[in-house]
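Let's take a stroll through this structure together. We'll begin with its strands and end with its cavities.

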Amino acid sequence: QVEEKPTGEIAAGAGVGTEGTSFMFTLKENNYLGRGLKVETSINASQSALRGGLNITNPNYNYSGNSLYGGINSTKNDSADSGYENTITQVNIGTRFEQYDDIYLSPNISAAFDSLTVQSTASDNLKKQAGDYFDTYINFNLDYDKRNQKFQTTDGFRSFYSIDLPILSEKNTVTNFYNYKIFSELYENNITSLGFSLKTANSLTDDDIKLSERLYIPQKQLRGFINGGIGPKDGDDFIGGNYYAVINLNSSLPQVLPNSQNFEVATFVDIGNLWGVDDPSLDTSSKIRSSVGIGVDWFTPVGPMSFSLAQPLTKEKTDKTETFRFNLGTTF
């Protein structure tokens, strides 16, 4: 006997924090047309970006055990500190399969249209980058996953490598990314992790890579600093770099309150650097940034609430720091 159950999902959410407000809406069907296809459409809006897209995944294409996916996505970025804004519309198609035990390969191909505009107050160097770009890339991911579980991992490691290679491109930018993260349980109910990330972006033809292709360290990997508020500058604008490296150490603290399963406290140490820019006339100073702090995740009835208190230890004088961060999000 087969019991039919709903396969659709709908979610909406809102958040508020030190970086402003954010909203999201997601509509998902996990068995589209009764063929096991996963279809998802979503919209995410924040102070600096607007994202939306439609993605389709066949987790067992032609009964091969391999997944086939594709979609169309659009992102509009508008950060006051970067001196530019752009809209990227991208289509992609790819597959993912387990080549060997716990070793997953994922090749895909994408085409993107990037419309980039520069603020009137930006320098002449940045204004030269304004325009419309069309690029096609082939991407290859290699994922070696030995974690004992994906959520709240307590043991194992994950090694992930990704490369983007240009097929048709004006700047011919090659992007490499590597991340390694190891987990351990030092004592009962403890989760300790040590991670390392390295990313590079350079042109095969020695062109200045696009502003939208330059790198920024994600804020969650370098706490204590404002997102997009470190690295090379052109005047007052942070323009990103060609390289970044980050080391993260996190360790959860014992539960000190009874029935506190929804309350997690962890200490962290973040070390990172963002450097390199194609134009040698710009500020390319390199300095290691570091911070220590404590973070709290509290799963409340009104949504997940997170706090972080960070103290930068080393920084560049032009960096923008952020000692306290707060976010409250909810879904309904």
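A quick word on terms: strands (E, at least two residues) are DSSP runs, numbered from the N terminus, and two of them pair if DSSP finds at least two bridges between them. Keep in mind that this is a predicted model, where local features need pLDDT of at least 70, side-chain atom pairs count only at pLDDT 80 or more, and totals for chains, interfaces and linings use all residues. Residues are numbered from 1 along each chain as its sequence is written, and side-chain values use heavy atoms, with hydrogens and water left out.

Start at strand 4 (residues 49–58), which runs antiparallel to strand 5 (residues 67–78), with 10 bridges joining them. Here L50 has K76 of strand 5 as its bridge partner. Strand 5 also runs antiparallel to strand 6 (residues 84–100), this time over 12 bridges, and S74 is partnered there with T89.

Further along, strand 10 (residues 173–184) meets strand 11 (residues 192–203), antiparallel over 12 bridges. Look for S184 opposite T192 of strand 11. Strand 11 is also joined by 9 bridges to strand 14 (residues 243–252), again antiparallel, and T200 is matched with Y243 in strand 14.

Now for the empty spaces. A cavity is a set of points, on a 1 Å grid over the protein atoms alone, where a 1.4 Å probe fits but cannot get out; lining residues have an atom within 4 Å of a point. Points are joined across faces, edges and corners, and a volume is the space filled by probe spheres set on them. The whole structure holds 2 cavities of 30 Å³ or more, and the largest has a volume of about 70 Å³. Among its lining residues are Y216, F225, N227 and L274.

How values were computed. 1 Å grid on protein atoms, 1.4 Å probe; cavity = no way out; pocket = protein on both sides within 12 Å on 5 of 7 lines; lining within 4 Å. Helix = DSSP H or I, 4+ residues; strand = E, 2+ residues; numbered from the N terminus.
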